[in-house]
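Visitor: I am new to this structure, and I would like to have a close look at a single part of it. Could you take me through that part slowly and explain each term as it comes up?

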Amino acid sequence: MTNLGSNRMMRRLRGFLAVLLIIVASGLMASPAAAQALEPATAERVGTTWKLLDYIAVDYEGAVSGGKVTSDGEYAEMQEFAATIADELDQLPDRPRKAELVREARALRDQIAAKAPAARIASTSHKISGVLLEAYPVPVAPSRAPNVARGAALFADNCAACHGASGNGKGPDAAGLETPPIAFTDTARARKRSLAALEQVISQGIDGTAMQSFRDLPAEDRWALAFRAGAFAFSQADVQRGERLWQSSADIRARMPDLKALVTTTPEALGEQIGQGRADAVMAYLRANPEALTARASGDAGKAIATTRARLGESVDAYRSGDRKRAKALALSAYLDGFEPIEPLLSAKDAGLMANIETRMGAFRAAIGDGIAPDALATQAGAIDTLLDDAERSLAPGASSAVTTFAGAFAVLLREGLEALLIVVAMLAFLEKADRKDVLRYVHGGWTSALVAGGATWLVATYAIGISGASRELTEGFGSLFAAVVLLSVGIWMHGKAQAGQWQRYIQEKLARALGGQSGWLLFGLAFVVVYREVFETILFFAALWSQGNGAAMLAGTVAAVLVLAGLAWAMLRYSRQLPIASFFRYSSWLMAALTVVLAGKGVAALQEAGWIDIAPVSFVPRLSIVGLFPTLETVAAQILVLLALVLGFAVNRRRVAAD
């Protein structure tokens with residue numbers, strides 16, 4: 001390669017990166033605003049154990065005081081619950097922290113037997129609870145805001161006879177009971193009780209009392225009952241004051257970000273942070289109006305998450321009714337119409353969380369096709385909903401810092417640009433090695449057209465017709481597969497020319513004909529496809545980042561990534577110029593082979609997300625999207641087939657060389 005040719009190529013590559021930066025920046029300026037799933041039985045065991053721990057932490061104080069039993073019935077209940085906790089934890093499947101959980105559960109049982117102080121019991125219970133949910137993550141909150149009106153009707157039908165219509169514990173049947181019913185109007189007791197603990201009692205009942213289990217009720221009804229029971233201790237004046245506090249205080253809203261926080265936090269615990277009077281008012285409002293939490297997220301991200309939750313809930317309902325086809329369609333809509341539009345933003349801010357949600361939503365659709373039990377499907381939906389809580393916090397206004405925005409912009413552009421850069425630079429270096437500068441215009445025309453088309457597509461999608469999630473996934477899927485097919489043939493061809501003698505004969509016999517107009521347009525198409533898919537994806541990522549603020553930090557990250565990409569391009573071209581022709585073709589064939597495998601995996605995964613290919617999850621395969629590896633049978637099979645084709649093609653090349 002001559003110095004003149006090298007300089008010309010570097011100028012064009014600098015132009016490529018500069019144009020990419022300009023398109024991204026202009027698009028932004030114009031812009032509007034992995035955990036292993038548990039078996040259902042295990043998830044139920046973990047949820048029950050967590051709620052028992054919460055119950056003990058709150059109620060033990062009413063059973064023991066000063067080292068003496070103050071209530072025989074409640075103390076017996078504490079001993080029973082502690083024994084149940086130890087037994088339940090011992091039966092959990094093995095995980096790294098199981099031994100610690102079992103040891104702490106036995107310690108809790110011994111502390112209760114020794115009538116330890118309430119503060120110590122609460123501390124041990126909370127410690128076990130935290131470790132339990134880290135080791136065995138399960139949803140401990142309702143998947144959607146409970147229907148308070150439904151809860152009031154259920155309470156009147158099932159609970160008022162004992163607990164009283166007003167929840168004061170003096171219903172018409174209360175006098176005949178050996179153990180008096182709980183008075184939900186007791187404010188001191190209500191402050192120590194979480195809604196999750198109430199739901200646990202509703203689900204399990206209390207042995208030795210008239211409090212029966214209501215496990216036969218649907219989960220949403222049990223949560224509605226818990227919210228109703230937990231609201232009796234507070235007045236309507238508390239509710240009104242709580243609404244004013246909730247609307248006016250960002251600090252309070254930050255302390256209560258989602259339903260999980262609401263049902264697992266006691267008014268007393270919140271009172272330690274913001275004052276008991278304010279905590280009572282906020283809890284009164286949220287327990288009477290839980291939908292205030294689900295409506296909290298603002299902007300497009302909040303709407304997208306709400307859509308995802310709604311579609312998942314509707315999918316479970318359709319599945320319970322026996323309409324599996326509609327359930328699958330709703331599950332796909334939950335991803336394409338709900339989650340997929342916010343993927344770029346969430347990926348830029350928390351790629352691990354995004355990948356976890358995407359994987360679980362794929363497994364959810366696969367579970368519908370496999371015909372699993374409705375309760376098991378609901379458990380999977382609940383696990384996704386818990387992850388959506390995390391996504392909501394991550395995407396909340398003000399959650400981004402300048403540092404995280406810079407890092408997100410830098411990582412996104414570097415990741416998305418590197419794949420296209422490798423392919424384009426490899427094509428340019430090959431043509432320079434072949435002394436076919438006349439064909440360079442096809443490659444340059446391909447990537448420049450892709451930059452323009454990517455920017456134009458984004459403008460149309462944003463301001464004109466809009467592009468659905470399915471269309472985006474199909475574009476990425478078919479584009480990746482097209483590039484994979486071309487690179488497969490190019491990689492095998494380059495491997496066959498890795499011997500200097502083979503290359504010289506090829507130059508003499510076929511090069512002029514092979515690199516004519518038809519092949520030039522193939523190079524144009526390849527350059528266009530690999531750059532177009534990355535440009536459009538990058539602009540989506542950056543537009544989402546821009547809407548979160550910290551624009552200066554984001555642009556700084558963009559510039560830094562462009563400089564790194566430019567340095568990589570310069571190094572690749574310089575190194576390729578110094579390589580012997582045989583080594584150049586050998587290394588290039590390996591690069592093309594690797595990119596073929598990556599693109600095959602990404603293409604199939606995108607078509608799965610669009611609903612064109614079914615999903616068969618495989619738990620033993622990690623998710624490494626940067627190399628196109630996804631935990632599904634179909635993506636792994638596609639990559640294996642490509643590997644086999646490459647091995648076969650390389651083997652044929654070696655035999656031909658040996659024969660010559």
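Guide: What follows is a walk along helix H14 and then to its salt-bridge partners.

The model is a predicted one, in which local features need pLDDT of at least 70 and side-chain atom pairs count only at pLDDT 80 or more, while totals for chains, interfaces and linings use all residues. Residues are numbered from 1 along each chain as its sequence is written, and side-chain values use heavy atoms, with hydrogens and water left out.

Helix H14 covers residues 267–274; helices here are DSSP runs (H or I, at least four residues; strands are E, at least two), numbered from the N terminus. Its buried residues are Pro267, Leu270, Gly271 and Ile274, where buried means under 20% relative accessible area, exposed means over 50%, and partly exposed lies in between, with a 1.4 Å probe and protein chains only. When H14 is viewed down its axis, these buried residues fall within an arc of 105 degrees, so they line one face of the helix; the arc is that of the directions from the helix axis to the C-beta atoms. An α-helix has 3.6 residues a turn, so residues three or four places apart point the same way. After H14 comes glycine 275, whose phi is positive, near 100 degrees.

Another residue of H14, glutamate 268, is partly exposed, with a relative accessible area of 31%, and its side chain meets that of lysine 192 in a salt bridge, 3.0 Å from N to O. A salt bridge is a side-chain nitrogen of Lys or Arg within 4 Å of a carboxyl oxygen of Asp or Glu. Lysine 192 lies in the loop between helix H8 (187–191) and helix H9 (195–204), while glutamate 268 is in helix H14, so the pair ties together parts that are 76 residues apart in sequence. Lysine 192 counts as partly exposed too, at 23% relative accessibility. The pair also belongs to a network of salt bridges that links Glu61, Lys192 and Glu268.

By this rule, the count of salt bridges comes to 15. One of them joins the side chains of aspartate 221 and arginine 150, at 2.9 Å from N to O, and this pair links distant parts of the chain, with aspartate 221 in helix H10 (residues 219–229) and arginine 150 in helix H6 (residues 148–158), 71 residues apart. Here aspartate 221 is buried, at 8% relative accessibility, whereas arginine 150 is partly exposed, at 39%.
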